[in-house]
Amino acid sequence: RQSRAHGADLQQHLEGMYQFAPVNEEVKSIKFLLEKTVSDRVTFSQSKDVYESKVVEHGKLMQAMAKETKHIHERKTVYQTADSDSAGEIVAQIREHEDTMQELQLQIELLENDLEQLQAKCPSIEDSVFGEDAKDDNGPALKMITKLDSPILRTLLWNVLESYEVCMLQRRNLKDTLDRKDSTLKSFENEVSVQNEKIDALSKSLDRRRKLATSEGQEFDPFDIIQDLEATNAKLDSCIVDKTEVLADLEDTRIALSLSQVEHAQAEERIALFHSQQKLTESTEGTEKMLRQLQEVLAVIGMPMEDRETVRQKLENCVEDAVIDALDEATNLRDEKIQQVDSQRDGLAEMYAVLGLEQNTPHKNDLHTSPQSLNIQLHSLDRQLNEIQPQYDVAVERCNRLVSDVESLSSDLHPIGRNL
């Protein structure tokens with residue numbers, strides 16, 4: 001009977017070994033306490049390292065302070081037996097050591113303030129640094145763990161493993177991001193190194209040319225070269241201004257010539273109209289013959305009088321119809337040119353706005369009322385577009401490259417922000 005009871009207890013114990021406690025408020029609170037204990041231990045370790053480094057630095061400053069005090073005492077002793085010639089130098093040395101002591105005192109006060117703050121944050125940090133490590137800090141956590149049942153311990157262990165998994169994943173992601181940034185930084189450092197090497201090479205070349213010029217009896221002064229270059233640039237600017245004025249005069253001459261050609265064409269058009277009217281008023285043998293042929297054909301057809309009246313009106317208005325057709329064709333061509341000028345002007349204005357430059361192109365209404373012809377205006381807009389197009393293409397390429405860099409940086413920072 002006793003062996004049977006013992007076997008039942010053993011079976012129940014074995015079954016309990018594979019049980020987990022539910023994640024209730026008790027388990028959550030115990031997990032929170034354990035995580036807080038780990039956080040406090042990490043904070044204490046960091047504070048301890050900082051405290052130790054500051055204590056070492058404090059000791060070094062105190063030693064330097066003692067040396068400065070010794071130097072001041074020695075200088076004062078020498079000053080008592082010094083003559084008037086060396087007294088001034090000794091006084092300057094004493095003041096220099098006193099200034100150094102004041103700087104050391106300020107640094108010591110700042111360090112002592114930091115040490116006091118660390119002691120207020122972790123009261124046992126001084127005992128841990130100068131004495132034996134406190135072994136009772138983990139006592140409450142250990143007692144709490146020893147009183148827990150096996151299912152609760154299994155659940156806590158599993159939750160701790162999950163938390164550790166998340167931390168390891170974040171650590172690896174941060175390490176990958178840091179490696180990429182380190183690689184980028186190294187590439188920048190290599191670029192800086194290459195540029196420094198180029199600067200060194202140029203400096204050596206400049207020195208070599210200077211020595212060569214000196215050996216040949218010529219003085220080589222970079223400032224003189226810079227002044228010569230500035231004078232040359234001033235001459236070039238003057239030439240550019242003169243060229244601009246000449247081009248403006250040529251443009252005015254071309255416009256005047258174009259206006260003269262337009263007036264000549266208008267006069268020829270009036271003469272052509274007068275000639276056509278004269279031909280209508282003065283009958284010739286050819287026109288009389290064609291008219292008789294037309295009348296014979298109409299008689300053979302037996303055209304009614306209403307239709308013959310239509311033919312008579314066409315004969316009377318033949319010149320006006322030709323002028324109306326020419327006017328319609330010219331008006332349509334003018335409208336097309338106006339649309340081309342407006343479209344070209346809007347595109348040019350958009351390019352200037354993107355580049356942030358001031359546009360010298362006249363307003364839309366000014367273009368329509370300008371004395372220049374539409375062809376001249378369109379040619380001028382094409383010339384301005386060809387001048388600014390390379391600069392606009394470079395700006396667009398740079399903008400696309402910046403957008404690509406920002407997107408890449410955003411993709412790199414996104415995992416960090418998500419982990420934080």
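Exposed means over 50% relative accessible area, buried means under 20%, and partly exposed lies in between. The legends below use these words for a predicted model.

**Figure 1. Overall view of the predicted chain, built from 12 helices and zero strands.** Read along the sequence, the protein chain follows the pattern α-α-α-α-α-α-α-α-α-α-α-α. Of its 420 residues, 15% count as buried. The accessible surface comes to about 33,400 Å², and carbon and sulfur atoms contribute 55% of that area. Among contacts with a separation of 6 or more, 77% join residues that are 24 or more positions apart.

**Figure 2. Confidence along the chain, with helices H1 and H3 at the two extremes among the elements.** The mean pLDDT of the protein chain is 76, and 74% of the residues reach 70 or more. Helix H1 (residues 2-16) has the lowest mean pLDDT among the elements, at 49, whereas helix H3 (residues 84-121) has the highest, at 86. Over residues 10-17 the pLDDT is below 50, and this stretch has two contacts in the model beyond near neighbours in sequence. Where pLDDT is low, the predicted coordinates should not be read in detail.

**Figure 3. Close-up of Glu 387 and Arg 383, a salt bridge within helix H12.** The closest N and O atoms of the two side chains are 3.5 Å apart. Glu 387 and Arg 383 are separated by about one helical turn, because they stand four residues apart in helix H12 (residues 374-419). Glu 387 has a relative accessibility of 55%, over the 50% cut-off, and therefore counts as exposed. Arg 383, at 41%, counts as partly exposed. Side chains of opposite charge can pair when their charged atoms come close.

**Figure 4. Close-up of Glu 35 and Lys 31, a salt bridge within helix H2.** The side chains of Glu 35 and Lys 31 meet with an N to O distance of 4.0 Å. Both residues lie in helix H2 (residues 25-80), four residues apart, which is about one turn of the helix. Glu 35 is partly exposed, with a relative accessible area of 42%. Lys 31 has a relative accessibility of 23%, which is not under the 20% limit for buried residues, so Lys 31 also counts as partly exposed.

**Figure 5. Close-up of Lys 54 and Asp 114, a salt bridge between helices H2 and H3.** The closest N and O atoms of this pair are 3.4 Å apart. The pair links distant parts of the chain, with Lys 54 in helix H2 and Asp 114 in helix H3, 60 residues apart. Asp 114 is partly exposed, with a relative accessible area of 27%. A search of the whole structure finds six salt bridges, including this one.

**Figure 6. Close-up of a nonpolar patch on the surface, formed by Phe 20, Leu 157, Trp 158 and Leu 161.** Together these residues have about 460 Å² of accessible area. Leu 161 lies in helix H6 (residues 150-215). With a relative accessibility of 45%, Leu 161 counts as partly exposed.

**Figure 7. Close-up of Cys 167 and Cys 399.** Cys 167 counts as partly exposed at 47% relative accessibility, and Cys 399 counts as partly exposed at 43%. A disulfide is a covalent bond between the sulfur atoms of two cysteines. A search of the whole structure finds zero disulfides.

Definitions and conventions:
Residues numbered from 1 in each chain as written. Predicted model: local features only at pLDDT ≥ 70, side-chain atom pairs only at ≥ 80, totals over all residues. Heavy atoms only, no water. pLDDT = per-residue confidence, 0-100. Contact = heavy atoms within 4.5 Å. Disulfide = S-S within 2.5 Å. Buried < 20%, exposed > 50% of the residue type's maximum accessible area, 1.4 Å probe, protein only. Areas by Shrake-Rupley, 256 points an atom, 1.4 Å probe, with all protein chains shown as cover. Patch = residues over 30% accessible without salt bridge, like charges linked within 9 Å, V, L, I, M, F, W, Y side chains within 5 Å.
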